[in-house]
Amino acid sequence: MNVTIVLPTYNEAENIEDFLNAVYKVINEITDFNINTLIVDDNSPDGTADIVKNLQQTNDKIYLLENNTRGLGNAYKKGFKYAINNLNPEILVEMDSDFSHDPEKLKEILPPIKSGYDFVIGSRYIKGGSIPKDWALIRKMNSKYGNIFARFIAGLFKIKDCTSGYRAIRVDILKQIDLDNLDVNGYAFQMNILYECVHHGAKFLEIPIDFIDRAKGKSKLGINDVKEFMVNSFKLLFRRMFN
């Protein structure tokens, strides 16, 4: 099966080369899938795109989409549409490009799609999954209870990790969704795309992952992302109640 890993980046010059090398080390060990990567860079001023262009000279499975619109959700929407229209994937994978997601887990996230699942989630909140033990209490609470809030407000009761950014999605289910109508720009995209896929009948599976805190660079999560996440949770609640 053809796979495209979509990697949104903004100021990841410290990570992107090492990360892509780690990803392709794993890709070379996976024989059942034809895998490429699409980096969607939001005009990073630190030269992330230039590093990717240099890597493209020796790896023809690395693609670059230079994006002028900030926000994780916007990057994924543009990356998904570009991949579907140009790269012929049967599976799209979401990952962070800062080593928060272990590339080795690709060996576990991809096979269930081949077995009939539509949406595979790398879950921090099922048995065997984890978040960093050294996180401050407030950050642990924000992560855990923000996810619980999303689950119950959006009605995604059966899914333990609604906000994970490590996922494999069957393209056939994505083609049933109008990505342009997903009115989200930031991290709320993760919840909204999951909601849409589930309500289009996606068969989902969660596998445990250990979320690893980035060692280099800074988190891009800001207060506007949190506000958008809260507002969109209630929008999904109203849709669920009145549709």
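Let's start with one polar pair: the backbone oxygen of P8 sits 3.5 Å from a polar atom in the side chain of S97. Keep in mind that this is a predicted model.

So where is S97? S97 belongs to the loop that runs between β4, residues 91-94, and α4, residues 106-109. Is S97 buried or exposed? Its relative accessible area is 3%, and buried means under 20%, so S97 is buried.

Who surrounds S97? Set aside the neighbours within four places in sequence. Then S97 is in contact with L7, P8, T9, E12, N15, I16 and F19. P8 is on that list, and P8 also supplies the backbone oxygen I opened with.

I16 takes us to the next topic. I16 touches S97, and helix α1 covers residues 16-27. Its packing partner here is helix α2, residues 48-56. What is the angle between α1 and α2? About 40°, with the axes 10 Å apart. Angles under 35 degrees would count as roughly parallel, and roughly perpendicular begins at 65, so α1 and α2 are oblique to each other. The crossing of α1 past α2 is right-handed.

Now the residues at that contact. From α1 we have I16, E17 and L20. From α2 we have T48, I51, V52 and L55. By class, the residues of this contact are five nonpolar, one polar and one charged. Note I16 again: I16 meets α2 here, and I16 is also a contact of S97.

Third stop, D32. D32 lies in the loop between α1 and β2, and β2 is residues 34-41. How accessible is D32? The relative accessibility is 46%. Exposed needs over 50% and buried needs under 20%, so D32 counts as partly exposed.

D32 and M1 are 31 residues apart along the chain. Their C-alpha atoms are separated by 7.1 Å. Leaving out residues up to four places away in sequence, D32 touches M1 and K114. There is a polar contact as well: the side chain of D32 with the side chain of T31, at 3.4 Å.

Last, the whole protein. The secondary structure comes to nine helices and seven strands. The protein has 243 residues, and 51% of them are buried. S97 is one of the buried residues. What about contacts along the sequence? Take the contacts between residues at least 6 apart in sequence. Of those, 81% join residues at least 24 apart.

That's the tour. Over to you.

Terms used
Residues are numbered from 1 along each chain as its sequence is written. This is a predicted model: local features need pLDDT of at least 70, side-chain atom pairs count only at pLDDT 80 or more; totals for chains, interfaces and linings use all residues. Side-chain values use heavy atoms; hydrogens and water are left out. Helices (H or I, at least four residues) and strands (E, at least two) are DSSP runs, numbered from the N terminus. Buried means under 20% relative accessible area, exposed over 50%, partly exposed in between (1.4 Å probe, protein chains only). A polar contact is a pair of N or O atoms within 3.5 Å; within protein, one must be able to donate a hydrogen and the other to accept it, and residues adjacent in sequence count only if both atoms are side-chain atoms. Contact means heavy atoms within 4.5 Å. Axes are lines fitted to C-alpha atoms, for helices over the stretch in contact, and angles run from 0 to 180 degrees between N-to-C directions. Angles under 35 degrees count as roughly parallel, over 145 as roughly antiparallel, 65 to 115 as roughly perpendicular and the rest as oblique. A crossing is left-handed if the near helix is turned anticlockwise from the far one by less than a right angle, and right-handed if clockwise. Ala, Val, Leu, Ile, Met, Phe, Trp, Tyr, Cys and Pro count as nonpolar, Asp, Glu, Lys and Arg as charged, and the others, Gly among them, as polar.
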